[in-house]
Amino acid sequence: YSDGILSIKTNSKKERERYPAQLYHHTATQEEIAGKKVLEVGSGRGGGASYISQHLDPLSVVGIDISKNAVKLCNSTHQYPNLSFCVGDSEKTPFKNESFDIVLNVESSHCYGNIPFFLNEVKRILKPGGFFLWADFRKTKEMPALFNLFLKSGLEKIREKDITAFVVNALKNMSKERKEKIKKHVPKPIQPVFMSYAGIEGSDVYNSFIQNKLIYKSATFRKPK
C-alpha cells in the first residue's frame with residue numbers, strides 16, 4: 001500500500017493470509033492496543049483476533065460471533081492464553097457495562113440488521129475514553145449516512161480513511177488462488193455467486209469498487225470520558 005501503513009511481515013506459511021492480516025493490522029493499530037482489553041464483534045473464523053493476540057500485545061482478546069459453529073471452530077483452532085471466543089449478538093452482547101478498552105469491528109457491520117442498536121452496545125461496553133476501531137464497505141452513496149449514525153450514537157470521530165485502493169489491490173492479488181479454489185470445490189452453476197462474494201477480479205463486487213459504486217473505509221471513534 002502506497003503509504004506503508006498496511007505493510008506487515010509474514011512467514012511463507014502465512015503468506016496466503018497476508019492481505020486479511022494487513023487489513024486487521026491497519027484497523028487495530030489506529031490506536032495503541034498493547035496492554036488493553038479488546039473485543040472483536042463479528043470474529044468469523046478467528047484469524048484476525050488470533051493475529052492481534054499474537055502480534056499486538058493486548059492484555060486479552062475476546063471474539064464474539066453469532067455463529068455457534070464459527071465459535072466452536074475458533075476455540076479449537078486458535079488456542080492462545082490471552083484469546084477466547086464466545087457466541088454473541090452484535091446488537092445484544094453478553095458483557096457488562098464498560099468491560100473493554102477497545103471494540104474492533106472488521107468487515108462485519110454491513111451484515112447487521114440494526115446499526116444503531118449495535119452502536120449503542122459498542123458505547124455501553126466501552127470504558128470511558130475507549131476506542132471503537134472499524135473497517136467495512138458500503139455503497140458509496142450510503143457511506144455518509146452510516147457516519148451520521150456513528151456520530152448520533154454519541155461516539156466521537158477521531159479519524160477516517162478511504163482504503164478502497166488497498167482493498168482493490170489485495171483482491172487483485174488474491175484472485176488467482178481464490179478462483180482456482182472456487183472452480184475446484186464449488187458446483188459450476190453457483191460459481192459466479194462465489195466469485196462475486198470473494199471479490200475475484202472482474203466480478204461485480206470487484207468492478208463496483210473500481211467504478212466507485214462501493215467504497216471501503218476505516219475509522220476510529222472514541223467514547224467520551
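Is K217 buried or exposed, and what is its relative accessible area? In this predicted model, K217 has a relative accessible area of 16% and is therefore classed as buried, the cut-off for that class being under 20%. The side chain of K217 nevertheless takes part in a salt bridge with E160, with an N to O distance of 2.5 Å. This pair connects distant parts of the chain, since K217 belongs to strand β7 (residues 214–222) and E160 to strand β6, 57 residues apart. E160, for its part, is partly exposed at 32% relative accessibility. The contact between the two residues is also part of a wider arrangement, in which salt bridges with shared partners join K157, E160 and K217 into one network.

Eight salt bridges are found when the whole structure is searched. One of them is formed by E31 and R159, whose closest N and O atoms lie 3.0 Å apart; here too distant parts of the chain are linked, with E31 in the loop between α1 (18–28) and β1 (37–41), R159 in strand β6 (residues 156–162), and the two positions 128 residues apart. E31 counts as buried at 18% relative accessibility, whereas R159, with a relative accessible area of 32%, is partly exposed.

A further salt bridge, between the side chains of R124 and E121 (2.9 Å, N to O), is set within a helix: both residues lie in α4 (residues 115–125), three residues apart, which corresponds to about one turn of the helix. In this pair the acidic partner, E121, is buried with a relative accessible area of 11%, while R124 is partly exposed at 24%.

These pairs are set in a protein chain whose secondary structure comprises eight helices and seven strands. For 225 residues, a compact globule would be expected to have a radius of gyration near 17 Å, and the value of 17 Å computed for the protein chain agrees with that expectation. The C-alpha trace spans about 50 × 40 × 35 Å along its principal axes, and buried residues account for 49% of the 225 residues. Of the contacts in the protein chain with a separation of 6 or more, 70% are made between residues 24 or more positions apart.

The accessible surface of the protein chain amounts to about 12,100 Å², with 52% of this area belonging to carbon and sulfur atoms. As for the charges, the chain carries 35 positive and 23 negative ones, and the mean positions of the two sets are 3 Å apart.

How values were computed
Residues are numbered from 1 along each chain as its sequence is written. This is a predicted model: local features need pLDDT of at least 70, side-chain atom pairs count only at pLDDT 80 or more; totals for chains, interfaces and linings use all residues. Side-chain values use heavy atoms; hydrogens and water are left out. A salt bridge is a side-chain nitrogen of Lys or Arg within 4 Å of a carboxyl oxygen of Asp or Glu. Helices (H or I, at least four residues) and strands (E, at least two) are DSSP runs, numbered from the N terminus. Buried means under 20% relative accessible area, exposed over 50%, partly exposed in between (1.4 Å probe, protein chains only). The radius of gyration is taken over C-alpha atoms; the globule rule is 2.2 Å times the number of residues to the power 0.38. Contact means heavy atoms within 4.5 Å. Accessible areas come from the Shrake-Rupley method with a 1.4 Å probe; for residues, only the protein chains shown count as cover. Lys and Arg count as positive and Asp and Glu as negative; His and the chain ends are not counted. The place of a charge is taken as NZ of Lys, CZ of Arg, CG of Asp or CD of Glu.
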